[in-house]
Amino acid sequence: MKNFLKLIQQTQPDSPVINQQELNRRLRENSLDDLESLCADFEHMRGVVRSVQRNYEAVLEENQRLKSMLKDLVNSCYCWPGNRCDRCQRILNTILRENTEERSSSVSDHQEIIAKLRKRQARMKA
Ligand SMILES: [Zn+2]
């Protein structure tokens, strides 16, 4: 069979058999190129996610710092627990609201995205 193919290659360079072989070779090359490009994209995406994660952590830290500043303001006020002035009550309401709503949803969204990316990465490695 090999010799037969060789013979065809030598005598009929434009035969359908050779075109099919060439096509297969090109398809293989394209698949490898696609895979490489996909890996590069994924690598880039991981970098973006890391950067977003770092920024997010910085925002959370800043948030924590501001919150503790607000708590200090409330603690150093003339009012006391159970009888807070309007300003302190507003601050406490804001802190409470942030603890229950915004933070939980944004953190869980972020964690969900990370979990999905990790799964995808594990699939790619397998
Ligand atoms: Zn007060």
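**Entry 1: overall layout**

I began with the secondary structure and found four helices and zero strands in the protein. Reading from the N terminus, I noted the order α-α-α-α. A reminder to myself: this is a predicted model. I then looked up burial, and 13% of the 126 residues count as buried.

**Entry 2: the zinc ion**

Next I went to the metal. Which residues donate to the zinc ion? I found Cys77, Cys79, Cys85 and Cys88, each through its SG atom, at 2.2 to 2.4 Å from the zinc ion. Along the chain these donors keep the spacing C-x1-C-x5-C-x2-C. I also checked where the pair Cys77 and Cys88 sits: Cys77 is in the loop between α2 and α3 (86-100), while Cys88 is in helix α3, eleven residues apart, and the pair links distant parts of the chain. Buried or exposed, I wondered about Cys77 and Cys88? Both are buried.

Then came the geometry. Why does the arrangement around the zinc ion count as tetrahedral? The four donor atoms subtend angles of 104 to 120°, and the call follows because four donors count as tetrahedral if all angles lie between 85 and 135 degrees. For reference, I jotted down that the ideal angle for four tetrahedral donors is 109.5 degrees.

**Entry 3: salt bridges in helix α2**

I turned to charged pairs and found six salt bridges in the structure. Side chains of opposite charge can pair when their charged atoms come close.

I looked at Arg26 and Glu22 to begin with; their side chains meet in a salt bridge at 2.8 Å, N to O. How are Arg26 and Glu22 placed along helix α2? They are four residues apart in this helix (residues 16-75), so about one helical turn separates them. Arg26 is partly exposed at 47% relative accessibility, and Glu22 is partly exposed too, with a relative accessible area of 27%. I also saw that Glu22 and Arg26 belong to a network of salt bridges that includes Arg25 and Glu29.

Further along, Arg46 forms a salt bridge with Glu43, and their closest N and O atoms are 3.4 Å apart. Here the two residues of helix α2 are three apart, so the separation is again about one helical turn. On accessibility, I have Arg46 as partly exposed, with a relative accessible area of 25%, and Glu43 as partly exposed at 45%.

**Entry 4: a salt bridge in helix α4**

I then checked helix α4 (residues 102-125), where Lys116 and Glu112 lie four residues apart, about one turn of the helix. The closest N and O atoms of their salt bridge are 3.9 Å apart, and the pair still counts because the cut-off is 4 Å. Lys116 is exposed, with a relative accessible area of 54%, whereas Glu112 is partly exposed at 47%.

**Entry 5: the largest pocket**

My last lookup was the largest pocket, which holds about 170 Å³ of space. Which residues line the largest pocket? I listed Arg46, Val49, Arg50, Gln53, Ile114, Leu117, Arg118 and Gln121. The elements giving two or more residues to this lining are α2 and α4. By class, I have three nonpolar, two polar and three charged residues in the lining. Arg46 appears here as a lining residue, and Arg46 is also the salt-bridge partner of Glu43.

Key. Residues numbered from 1 in each chain as written. Predicted model: local features only at pLDDT ≥ 70, side-chain atom pairs only at ≥ 80, totals over all residues. Heavy atoms only, no water. Buried < 20%, exposed > 50% of the residue type's maximum accessible area, 1.4 Å probe, protein only. Donors = N, O, S within 2.8 Å, 3.2 Å for Na, K, Ca; no water. Tetrahedral: all angles 85-135°; square planar, octahedral: opposite > 155°, others 65-115°. 1 Å grid on protein atoms, 1.4 Å probe; cavity = no way out; pocket = protein on both sides within 12 Å on 5 of 7 lines; lining within 4 Å. Points joined across faces, edges and corners; volume = space filled by probe spheres on them. Nonpolar A, V, L, I, M, F, W, Y, C, P; charged D, E, K, R; others polar.
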